[in-house]
Amino acid sequence: MIQARIVFQESIIKARMPPTQAESVIKNIIREIGQECAAHGEIVSETLVAFMVKAVVLDPSNGFNMDRTLIKSDVQKLVKHCVTRLLDNKNPSLDTIKMQVYFDMNYTSREEFLEEHHRVLESRLGSVMREITDNRACAREELESLYRKIVSYVLLRSGLGSPTDIKIVREATAALQSVFPQAELGTFLTLSKKDKERQLKELTMIVTGIRLFNRDCGKGGEGIDDLPAILHEAIPATTQHIDSQLQISQEQAYRYTAILEKVRQNPLMSVQLQPYMLKEALYNVRQYEIFLQIILSDIITCAQEVEMMIKKLGAQLEQLKMIVKSKTAVPTSQVFPIFIALSNLWTSFQDETVLISVLSNLTSHLEAFLGAHELLFPEKVLRGLLDGVTVKTDVCRMREQMEDRVNAEDFRKLEWLFPETTANFDKLLLQYRGFCAYTFATTDGLLLPGNSAIGILKYKDKYYTFNSRDAAYSFAENPENYINLITEKAKKNAELIQLLELHQQFETLIPYSQVKDVDKHIKPITKCESGTQTDTHILPPTIVRSYEWNEWELRRKAIKLANLRQKVTHSVQTDLSHMRRENGSQVYSSKDASTQSMKEGSTRVPRPQVYIAGLRGGRAKTTCGVKVNLTRAIDET
């Protein structure tokens, strides 16, 4: 494991002392404290001693001045205080600090753990690889010895069996000979060192894939554990154990919180319960709960990865069976990539197995830091203190205040965030791990969970939650005052620095695992209805469409214009096309004109009148009409 280190700066030995001398003094103080504790039968790590030294210096009640150099009496006083606190095994505060130091030294993120795990494996195999790559074998016996070393390297790197087991060695040798016969050692020795290392890694993956395939077919797989089945059983068992421990710690925290609320209402009980260090016990169990949640989150991630890998493994094996079937020879270009994929999947299974084992061991070791609870608060004592008290869970407390939300309009200068107005509401990094800042500051350190649903206050790019609307309003009136009160409380109880993530206020006590994340915080993404409109073309176009880069095109246009001078333009228009385009015409404007004749005269044409007689018929069978023109003559009119 990567052992983290708590950053311990030389702030207790101020600038007047040279750096080398300051470091020497600090090391001497830490060494002296460790020796004093060892003389009393208590073995403590240097990291724990360094943390305790800083905690004692920060506590105002100890009377250390951070602005001056420590003199000999100050050093003796510091050593005495540290030894006294380190030997107080019945103090929950010391158990919490030990828990925090142990967790920081043994826990790392999933990515960092896997990276370090692979680095350690590579370093362990380095000597074996150098024996192979630096070998200059020539004789037959030397070549056979080199081949056996390659088989051992393949087994060690793959982790599929011991290189001392004859059956496993025979199976691995047969698989290796199918892809890398001993006759090719001559060609292998002519390669460069990097090419040799690359080929050894490829051979390891191919041989691993062949052995896994043979195991699935029931024709081999000697010494290969069924990792998917092991993980399928180990993950639920580990998850169930952590869930049970998490439930026990939460119930204990709920009971301590209920008693502290009762004490707050009855000042006489506060004096009676002072020796029990009830708040320190609450900090201890809350820190344990937080660590369990971190470990459980990693195990859930492992379970998701394992489930996905099991599906991929089955698909790869089925694909390989379809390719091979009953064929005696198969192209290497088809099967080698699948063998390599199988090897990579199995390596991932091995990584998950180691990670689950480490997390399970870490969980078991954390339980050792809860021993003070049974000594200070036996079940009989707790029942007496809880008489007439209603124990509320964190969920119940949130439900009680769910509807009583903050009205953002009451605070014009402060920004409040709500679930419906913030897209990444659940991902915001809350101050004090989501505990109510106002309650903690005004009740001398009572931890109550904040309710984000009533509103999150954004103050100086930090986000605060509260357990009630009244608490939110009171804190918003003077945030700096309550923040300073919390800082002063943390100086008296150093375990609060990591419990409440107060690393920016105490930068010399930042855990190594969180150094990179101190300045990182997720900014809220607020949601609102908005609309925007932009012009299609803000600036006028500057494209010269008549430009031509081709001189032959310019020549063609010039000839066309020259020919137009000798042409006559004609145009036609049809009934269907005359409405499709705009036409323009120009005419001379009309003018008034008149003429005068020398004689006025007029004529009148007579109206024609024609009469036809006999149309009505008579006695005769045929009709005979007589036309009579009655029109008057022109000169008679």
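Between which two elements is the loop where Asp-444 is found? Select Asp-444, and you land in the loop between α17 (437-442) and β2 (456-459). Helices (H or I, at least four residues) and strands (E, at least two) are DSSP runs, numbered from the N terminus.

Some ground rules before we go on. This is a predicted model, where local features need pLDDT of at least 70, side-chain atom pairs count only at pLDDT 80 or more, and totals for chains, interfaces and linings use all residues. Residues are numbered from 1 along each chain as its sequence is written, and side-chain values use heavy atoms, with hydrogens and water left out.

**Stop 1: two aspartates**

Most residues other than glycine have a negative phi. Asp-444 has a positive phi, near 60°. At 45% relative accessibility, Asp-444 counts as partly exposed (buried is under 20% relative accessible area, exposed is over 50%, partly exposed is in between, with a 1.4 Å probe and protein chains only). Now select Asp-461, in the loop between β2 and β3 (462-464). Its phi is also positive, near 60°, and at 46% relative accessibility Asp-461 counts as partly exposed.

**Stop 2: helix α9**

Select residues 193-217, which make up α9. At 1.5 Å a residue (times one less than the number of residues), these 25 residues should span 36 Å, and the end C-alpha atoms are indeed 36 Å apart. Color the buried residues of α9, including Leu-200, Ile-206, Val-207 and Phe-213. The buried residues pack against several helices, among them α5 (110-133), α6 (140-158) and α13 (332-366). Right after α9 comes Gly-218, with a positive phi near 80°.

**Stop 3: α9 meets α12**

Add α12, residues 278-324. The axes of α9 and α12 come within 11 Å and cross at roughly 85° (axes are lines fitted to C-alpha atoms, for helices over the stretch in contact, and angles run from 0 to 180 degrees between N-to-C directions). The two helices are therefore roughly perpendicular (65 to 115 degrees; under 35 is roughly parallel, over 145 roughly antiparallel, the rest oblique). Phe-213, Asp-216 and Cys-217 of α9 touch Leu-317, Leu-320, Lys-321 and Val-324 of α12, where contact means heavy atoms within 4.5 Å.

**Stop 4: α10 beside α12**

Finally, select α10, residues 227-265. What is the angle at which α10 and α12 pack? About 160°, with their axes 8 Å apart. That makes α10 roughly antiparallel to α12.
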